[in-house]
Amino acid sequence: MSKKVAIFDSSLRDGAQAEGISFSVEDKLRLLELLDGHGVGYIEAGNPGSNPKDLEFFARAKAIHLRHARLAAFGSTRRRDIQVEQDSNVHSLLLADTPVVVIFGKSWDFHVTDIIRTSLEENLAMIRETLAFFKARGKEVIYDAEHFFDGYKHNPEYAVRTLRAAVEGGAGTLVLCDTNGGTFPSEVGVIVTRMAELFDVPLGIHAHNDCGMAVANSVAAVEHGARHVQGTYIGFGERCGNANLLTIIANLGVKRDYECLPPDQYRNIVHVARHVAAISNVALNEREPFIGNSAFAHKGGMHIDGVNKAAHSFEHIDPERVGGQRRFLMSEVSGRRMILDKIWEVDPSVTKDDPVTDRIMKRLKEMEHDGYQFEGAESSFELIVRKQLGKYRSFFELEHFRIIGEQPAKGEYGSSAIIKIKVDGEDEITAAEGDGPVHALDSALRKALETFYPELANVHLTDYKVRVINGKDATASKVRVLLQSTDGEVIWTTVGVSTDIIEASWLALVDSIEYKLLKLEEAKRTQAAHAG
Ligand SMILES: [Zn+2]
């Protein structure tokens, strides 16, 4: 049996029904090009008759030359008790002018009799005639058997008859849908196997994630003979979402030898996932298998030690195969090796048994106990290492600062700050305004320092995050402030912790500026050494 699996993406229709998702026509066109570039077999984009936005999409999509994907329109079987030619919804599907049409119909007898309220025979005719209508017009016809697994469990004989009607109508693929997402992989395996015995037409799977098993169900279907998988690229969809196609692709194409994408495209999986998330304006789940930021992140000391000795000791695949990146997280539990790597970046001559290594470990533990976290704040961590190694100097001293807030804010700024600092024995007092106390403080400090260090003029904050640390003692609850800064070229992140939000921000701010000045000084030293 061929190992080729057709990947069918429905992000633009089923995915767009997810809470919080809203695509413009431009977004849809960008997704179309992105997924086509990745090698997806089918891209389904809804019914042009359902709204003018979809009609505009199909009109503009026609101008795009697709390299891999076939574009599909999606609609239901004809309404009951009319001729298929008289059904306006059926006709509107033709407006999309796509090579592929997907028709969904009822497999579950209860839905036929109690929801759309017609006879079981009429439902079979609706399926057969609608498919034949499109087949006669030269379309590739895919049949989505809605509620197939539930229907089969209640009335297997009738469910099979609906598939037979679809085959008679000219279905090129029979897609078995777990519309309510309540089926188990073992059931999918059994039912797909039976259908594969009964039908020569290729089988597909369309799974929803209501039990967290959409990916498992899709993989089970393929392992039992299905060769067409429907879902959405990063898994969003109505309720708990559709089957996550990228997870399925990685499982089938990387861990098994199924062909889901062109061979050179598997290593773009993480990249494409982030791109889809960006266009869709959703945050990618950090813990999503293969594509999440934490998918290959190691924190436990023994794990890091193991991965350093042999990657497969704690990794099920080489992250590079899906374009992921192995990360070692900074933490007190990360163990000596991890800390040593950081120390060596500052001073390669320090040995493992050097007392300074112990001092750094101890300091790190104390700070983590106080609520510090250095994951994503590597610059503050480097400063701690430098302080212990004696490779640090202070660039300024704070005399004092004062922040004045104004409520309600009049004019552009609601806060102002006055700061007095000392550099090499010289005093400097400045004031600045900001739209909040931290902004005002940051501006005042930078202004004061620019007199001495003009390079700071192009440094600015790009992100400011505050997290309340849930301490055991509620009265002494602390906040952790993460600051991200940039000089336009490099980005660095620093952290500060205190029971006072201004103080925590100040600590992170000082780290940010000192880190930049240390790097500048270092760069100048290397330049001078090269010149000499
Ligand atoms: Zn669906």
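**Reading a pocket, a core and a zinc site**

Trainee: How do the residues lining the second largest pocket divide into nonpolar, polar and charged?

Mentor: In this predicted model, the lining of that pocket holds 12 nonpolar, 7 polar and 2 charged residues.

Trainee: How is empty space found, and what is the volume of the second largest pocket?

Mentor: A probe the size of a water molecule is rolled over the atoms, and this shows where empty space is left. Here the second largest pocket has a volume of about 340 Å³. It is lined by 21 residues, of which Ile234, Gly235, Phe236, Asn244 and Glu288 are the closest to its centre.

Trainee: Which helix gives the largest share of the lining of the second largest pocket?

Mentor: Helix α9, residues 214–223, supplies 3 residues, the largest share.

Trainee: Which residues touch the most other members of the largest nonpolar core?

Mentor: A nonpolar core is a set of buried residues joined through side-chain atoms within 4.5 Å. The largest one has 94 residues, and Phe57, Met195 and Tyr233 touch the most other members. Beyond its neighbours within four places in sequence, Phe57 is in contact with Leu12, Val25, Lys28, Leu29, Leu32, Ala45 and Leu71. A second, separate core has 33 residues, including Tyr453, Val459, Leu517 and Leu518.

Trainee: Which residues are the protein donors of the zinc ion?

Mentor: A donor atom has to lie within 2.8 Å of the metal in this case. Asp14 donates through OD, and His206 and His208 each through NE2, at 2.1 to 2.2 Å from the zinc ion. Their spacing in sequence is D-x191-H-x1-H.

Trainee: Are His206 and His208 buried or exposed?

Mentor: Both His206 and His208 are buried.

Terms used
Residues numbered from 1 in each chain as written. Predicted model: local features only at pLDDT ≥ 70, side-chain atom pairs only at ≥ 80, totals over all residues. Heavy atoms only, no water. 1 Å grid on protein atoms, 1.4 Å probe; cavity = no way out; pocket = protein on both sides within 12 Å on 5 of 7 lines; lining within 4 Å. Points joined across faces, edges and corners; volume = space filled by probe spheres on them. Helix = DSSP H or I, 4+ residues; strand = E, 2+ residues; numbered from the N terminus. Nonpolar A, V, L, I, M, F, W, Y, C, P; charged D, E, K, R; others polar. Buried < 20%, exposed > 50% of the residue type's maximum accessible area, 1.4 Å probe, protein only. Contact = heavy atoms within 4.5 Å. Donors = N, O, S within 2.8 Å, 3.2 Å for Na, K, Ca; no water.
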